[in-house]
Amino acid sequence: MANNSHKFERRKKSISFILSFLFLLGMVLIIFEINIYRDTLIEWTIPTAIWIFSGVLLTPFTSTLLNEYYDTKGIILQLIFNIAAFGGIVCYIFMALNFYFPFDREDVYHVEITNTGRLAKGRRGCGNPYADVKVKGHDKQLVFSCGFDVEKYSNVILIIKPGLLGFDIIMSKKLL
C-alpha cells in the first residue's frame, strides 16, 4: 500500500509540474508571438481568435486532469488555464510558421508615416520610438530601437515578403 501511495504522489507531482510548465510556456510564447505580430501584416483578430479558440477547444479534453491535479471544478479556471497554456502555444506555432518560413519574393513599399511616438518606458527600457504607417491596407505600428529619432522622418521604406501561411512579413524598415 505504501508503495502505491508513493507512486501516486510522485505521479501527481510530475503531472503538476508538466501542467505548470505548459502554463508558463504558453505565457512566454505569447510574448514571442507579440514580437512576431509586430512585423506581420495580419489583422489582430486572427491570432486572437486562434489563441482563444484553441484554448476553448481543448478545455473538454483537459477538464478531468485539471480537476484532479489542480482542483479546478469551475469551468472559468479551466478556460483560463487552457487559453493561456495551449492557446499560447498554438498561436505562437501559427505565427512562427508564417514568419520564419517566408517565400523568396520581395516587394518594396515606400509609405508615409502618419504618426510617431514612444512606447511606455519600463524599469530598464528606453521607451522605444514607433511610427504608424498604412501599408497594403493595414495600419501598422513600426517599433524602432532606442537610438532612433523617428519624429524627424516622414517616410519609411519597407521590404515585405509573403509568409508561409499567406500573411506578409516586414523584413526590414528604413526611415527616410
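Which handedness does the link of C126 and C146 have? In this predicted model, the link turns out to be left-handed, with -80° about the S-S bond. The structure holds 1 disulfide, and its two sulfur atoms, from C126 and C146, sit 1.5 Å apart. C126 belongs to the loop between β2 and β3, while C146 belongs to the loop between β4 (138–143) and β5, so the bridge ties together parts that are 20 residues apart in sequence. Neither end is fully tucked away: C126 is partly exposed at 29% relative accessible area, and C146 is partly exposed at 39%. C91, for its part, is buried, with a relative accessible area of 1%.

Turning to the nonpolar interior, the largest core has 14 residues, and the members touching the most others are L142, F144, V156 and L158. Two or more residues of this core come from each of β2 (107–118), β3 (129–135), β5 (155–162) and β6 (168–175). Take L142: setting aside residues up to four places away in sequence, its contacts are P129, Y130, A131, V133, V156, L158, I170 and K173. V156 and L158 are thus on the contact list of L142 as well as among the core members that touch the most others.

F144, another of those core residues, is buried at 6% relative accessible area. Its ring pairs with that of F148 in a tilted arrangement, 5.5 Å centre to centre and with 55° between the planes. F148 itself is partly exposed, at 39%. K173, already met as a contact of L142, lies over the face of F144, at 5.4 Å from the ring centre. There is a similar story for K140, which lies over the face of Y37 at 4.0 Å from the ring centre.

Across the whole structure, a search finds 7 aromatic pairs. F17 and F21 make a stacked pair, because their planes meet at 20°, with the ring centres 6.5 Å apart. Both residues are in helix α1, 4 residues apart, or about one turn of the helix. F17 is exposed, with a relative accessible area of 58%, whereas F21 counts as partly exposed at 46%.

Helix α1 (residues 2–38) also carries S16. With 18% relative accessible area, S16 is buried. Neighbours within four places in sequence aside, S16 is in contact with Y69 and Y70. Y70 then leads on to an aromatic cluster, which is made up of F23, Y70, F81 and F86.

Notes. Residues are numbered from 1 along each chain as its sequence is written. This is a predicted model: local features need pLDDT of at least 70, side-chain atom pairs count only at pLDDT 80 or more; totals for chains, interfaces and linings use all residues. Side-chain values use heavy atoms; hydrogens and water are left out. A nonpolar core is a set of buried Ala, Val, Leu, Ile, Met, Phe, Trp, Tyr and Cys residues joined through side-chain atoms within 4.5 Å. Buried means under 20% relative accessible area, exposed over 50%, partly exposed in between (1.4 Å probe, protein chains only). Contact means heavy atoms within 4.5 Å. A disulfide is a pair of cysteine sulfur atoms within 2.5 Å. Rings of Phe, Tyr and Trp (its six-membered ring) pair if their centres lie within 6.5 Å; planes under 30 degrees apart count as stacked, over 60 as edge-to-face and the rest as tilted. A charge sits over a ring if NZ of Lys or CZ of Arg is within 6 Å of the ring centre and within 35 degrees of the ring normal.
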